[in-house]
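Subject: Handover of a structure for your files

Dear colleague,

I am passing the structure below to you, and after it you will find what was found in it, together with the cut-offs behind each term. Please read the two together.

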Amino acid sequence: MTIAIYVFCAVLLLTLVFLLIFAKSVLKVGFGKRCEGNPLLHYFTADDFDGLKAEPVEFQNNHKEALRGFFYSDEARTDYRALLIFAHGMGGGHLSYTTEIDFFAKRGYLVLAYDQTGTMASDGKALRGMGQGFRDLLCAMQFAKENEKSKNLPVLLAGHSWGGYSVCRALYFHPQVRGVLAFSAPESEPDLLLAQAKAQTGKSFAFLKPFLRFWNRLQFGPAAAMTTSEILAESDVPVLLLHGENDAVVPPENAAACSKRLHGKKNIQVKLYPGKQHNVYATLEAEAYISEVLQKFGVLSGSKESAELKAYAETLDFRKMCEEDSAVMDFAAAFLENCLTKK
């Protein structure tokens with residue numbers, strides 16, 4: 001009997017170790033490299049928008065790596081209503097959101113937007129994980145607190161997807177921010193990774209969830225092991241969650257906006273948009289065009305150097321891809337305005 005128990009315990013321990021290693025490999029596949037954007041796409045800069053001023057900034061993340069971005073503002077303004085720190089999603093860095101940055105700058109905000117670790121203009125050999133996003137955001141908030149241009153301004157946070165995940169988690173550390181605007185924010189990194197794995201393989205890896213949470217907590221602390229709604233449920237800061245009901249990247253079952261935990265919380269506003277996909281701030285036409293482009297890229301992507309793919313990329317209408325839904329953006333702007341005027 002004693003030998004059988006020893007054998008059972010040894011097998012159990014080896015199984016746990018194997019699952020931990022497997023979970024870590026899943027995280028490495030998802031976040032073990034840099035995001036440099038797509039060289040065939042055009043990312044708008046401040047020069048593409050009338051009156052948008054960009055002043056370069058640089059600060060360090062928690063690993064002493066340089067993060068680079070800009071203070072954006074309307075060149076006609078000499079004062080600002082508040083500082084809006086914008087956190088981007090995975091892919092092309094903060095320049096994927098220059099249209100949205102311009103929108104907020106034109107409404108009187110000083111916008112701090114930067115590339116997160118392992119992305120585009122910033123340093124870092126890899127993304128490391130979604131938890132690195134809120135660690136970067138905390139460093140950005142500290143930088144803004146010490147900077148002469150921004151230190152006396154009230155602070156608002158906004159982000160999309162990975163950025164939405166990050167700005168919500170900032171409330172775990174900084175309950176004094178005036179408001180949080182989150183587009184397409186996921187509930188948790190493990191659920192997001194496991195849903196993508198199931199979509200690609202047809203198999204469920206739900207048994208890995210506690211092991212993914214373990215690695216997140218070990219690497220980034222307790223806030224990374226919590227769900228977005230768990231963090232928001234403990235906060236009294238005004239939060240607006242905007243989500244598309246047809247979002248395939250962050251499906252509704254893994255959306256913070258759809259969490260029952262937040263029902264009835266007076267400081268949490270939720271807006272679900274029928275027909276909208278992941279870029280909920282864009283028009284339906286823009287989202288349809290983006291889907292068309294991504295599908296075409298998938299068909300032609302045998303090589304990014306292929307002449308056919310390059311020729312197709314040259315035909316793209318990037319203004320059409322970035323067309324904003326004025327109703328969504330005006331709703332978001334009204335929320336931020338209320339955060340500043342509400343006592």
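**Salt bridges and their surroundings**

Glu36 is partly exposed, with a relative accessible area of 46%, where buried stands for under 20% relative accessible area, exposed for over 50%, and partly exposed for what lies in between (1.4 Å probe, protein chains only). Before going further, please note that this is a predicted model, in which local features need a pLDDT of at least 70 and side-chain atom pairs count only at pLDDT 80 or more, while totals for chains, interfaces and linings use all residues. Residues are numbered from 1 along each chain as its sequence is written, and side-chain values use heavy atoms, with hydrogens and water left out.

The partner of Glu36 is Arg34, and the closest N and O atoms of this salt bridge are 2.5 Å apart; a salt bridge is taken here as a side-chain nitrogen of Lys or Arg within 4 Å of a carboxyl oxygen of Asp or Glu. Arg34 is itself partly exposed, at 24% relative accessibility. Side chains of opposite charge can pair when their charged atoms come close. By the rule just given, the count comes to 13 salt bridges.

Another of these pairs is Lys106 with Asp102, whose side chains meet at 2.4 Å, N to O. The two are four residues apart in helix H2 (residues 98-106), and are therefore separated by about one helical turn; helices (H or I, at least four residues) and strands (E, at least two) are DSSP runs, numbered from the N terminus. Asp102 counts as buried at 12% relative accessibility, whereas Lys106 is partly exposed, with a relative accessible area of 31%. Salt bridges that share partners also join Lys53, Glu55 and Lys149 into one network. Within that network, the side chains of Lys53 and Glu55 meet at 3.9 Å, N to O, and these two residues are partly exposed, Lys53 at 39% relative accessibility and Glu55 at 24%.

**Helix H3 and the second largest pocket**

Helix H3 covers residues 130-146, and its end C-alpha atoms are 26 Å apart, which agrees with the 24 Å that its 17 residues should span at 1.5 Å a residue, the expected span being 1.5 Å times one less than the number of residues. Of those 17 residues, 13 are buried, so H3 is largely enclosed by the rest of the structure.

H3 also supplies the largest share of the lining of the second largest pocket, namely four residues. That lining has 16 residues in total, of which Met141, Lys145, Leu153, Val155 and Gln176 lie nearest the centre of the pocket, and strand S3 (82-87), like H3, supplies at least two residues of it. The space in this pocket is about 250 Å³. A pocket is defined on a 1 Å grid over the protein atoms alone, as an open set of points where a 1.4 Å probe fits, with protein on both sides within 12 Å along at least five of seven lines, and lining residues have an atom within 4 Å of a point. Grid points are joined across faces, edges and corners, and the volume is the space filled by probe spheres set on the points.

**Surface patch, backbone and contacts**

Ile3, Val7 and Val11 make a nonpolar surface patch of about 290 Å². Patch residues have over 30% relative accessible area and no salt bridge, with like charges joined within 9 Å and nonpolar side chains (Val, Leu, Ile, Met, Phe, Trp, Tyr) within 5 Å; the areas come from the Shrake-Rupley method with a 1.4 Å probe, and for residues only the protein chains shown count as cover. Val7 has its place in helix H1 (residues 2-31) and is partly exposed, with a relative accessible area of 47%.

Two residues other than glycine have a positive phi. Lys64, with phi near 65°, is found in the loop between strand S1 (52-60) and strand S2 (66-74) and counts as exposed at 64% relative accessibility. Met120, with phi of about 45°, lies in the loop between strand S4 (109-114) and H3 and is partly exposed, with a relative accessible area of 22%.

Finally, Phe44 lies in the loop between H1 and S1 and is buried at 6% relative accessibility; Phe44 and Thr99 are 55 residues apart in sequence and 7.7 Å apart in space, C-alpha to C-alpha.

With kind regards
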